[in-house]
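Me: I'd like to go through this protein piece by piece, pocket, strands and rings included. Can you take my questions one at a time?

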Amino acid sequence: MTEQATTAAIARAFTETWTRHDMDATAGYLAEDVTFDGPVGHSVGRQAYVEGLSKFAQFVTGVTILAACGDDTQALIMYELATPTFGTLTCAEWLTFRDGKIAADRFTYDTFPVRGGATAAAQPPSAPAPEE
C-alpha cells in the first residue's frame, strides 16, 4: 500500500464504486479469497462476494459517507445508503486488508428501517398484561 492509498481511502473508493454499481471496478479492490460476514449471510471468494453485493446494490440509489478511519491493516467506514424500499440505512463495515486488497469484510446496518421503522414506532404500545 502506498502512503497515498491508505486503508481509509481505499474503503471510501470501494464504497463509492459499488454504490455506483460498477462491479468490475469493485472486484479490483478485493482479494481473491475475500470473506464476507453480515446480517444476511456469509461468503468466501471474490466471485461469491461480488455476486452477493451486486444483488444488494440493486436496491441502492445513493451513498453519503459519514466517516472512515484506519491503520495499516484495517479500516472502519460508516455511511448512509439511500434505498427506495427502506429509505436511509445507516451502515458500517470493518474491512481487513492484505497486500492492499480487502481480505475480509464485516458488515452491519441499523435494522430499524427494515423492521418497520417509523411505521412500527408510530403504533400505539400494547397494553401490559394484567397481573394475576
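Me: Which element gives the largest share of the lining of the largest pocket?

Reply: Five residues of that lining come from one element, and this is the largest share. Helices here are DSSP runs of H or I with at least four residues, strands are runs of E with at least two, and both are numbered from the N terminus. A pocket is found on a 1 Å grid over the protein atoms alone, as an open set of points where a 1.4 Å probe fits, with protein on both sides within 12 Å along at least five of seven lines; lining residues have an atom within 4 Å of a point. The element you want is H3.

Me: Before we go on, what sort of model is this?

Reply: Residues are numbered from 1 along each chain as its sequence is written, and side-chain values use heavy atoms, with hydrogens and water left out. Local features need pLDDT of at least 70, side-chain atom pairs count only at pLDDT 80 or more, totals for chains, interfaces and linings use all residues, and the model is predicted.

Me: What is the volume of the largest pocket?

Reply: Its lining has 22 residues, and Phe-36, Val-40, Gly-52, Phe-56 and Phe-107 lie nearest the centre. For the volume, grid points are joined across faces, edges and corners, and you take the space filled by probe spheres set on the points. That gives about 440 Å³.

Me: How many residues in that lining are nonpolar?

Reply: Ala, Val, Leu, Ile, Met, Phe, Trp, Tyr, Cys and Pro count as nonpolar, Asp, Glu, Lys and Arg as charged, and the others, Gly among them, as polar. The lining has five polar and two charged residues, and its nonpolar count is 15.

Me: Which strand runs parallel to S1?

Reply: Strands pair if DSSP finds at least two bridges between them. S1 and S2 have four bridges and run antiparallel, forming a hairpin with two residues between them. Four bridges also join S1 (residues 30-38) to its parallel partner, S6.

Me: How many residues apart in sequence are the parts that Phe-36 and Phe-107 tie together?

Reply: Rings of Phe, Tyr and Trp (its six-membered ring) pair if their centres lie within 6.5 Å; planes under 30 degrees apart are stacked, over 60 edge-to-face, and the rest tilted. The whole structure has eight aromatic pairs. In this one the centres are 6.3 Å apart and the planes at 35°, so the pair is tilted. Phe-36 lies in strand S1 and Phe-107 in strand S6, so the parts tied together are apart in sequence by 71 residues.

Me: Is Phe-107 buried or exposed?

Reply: Buried means under 20% relative accessible area, exposed over 50%, and partly exposed in between (1.4 Å probe, protein chains only). The relative accessibility of Phe-107 is 11%, so this residue counts as buried.

Me: And how far is Arg-12 from Ala-68 in space?

Reply: Arg-12 is found in helix H1 (residues 7-19), and Arg-12 is partly exposed at 34% relative accessible area. Contact means heavy atoms within 4.5 Å, and leaving aside neighbours within four places in sequence, Arg-12 is in contact with Ile-65, Ala-67, Ala-68 and Ile-77. Arg-12 and Ala-68 are 56 residues apart in sequence, yet from C-alpha to C-alpha the distance is 7.0 Å.
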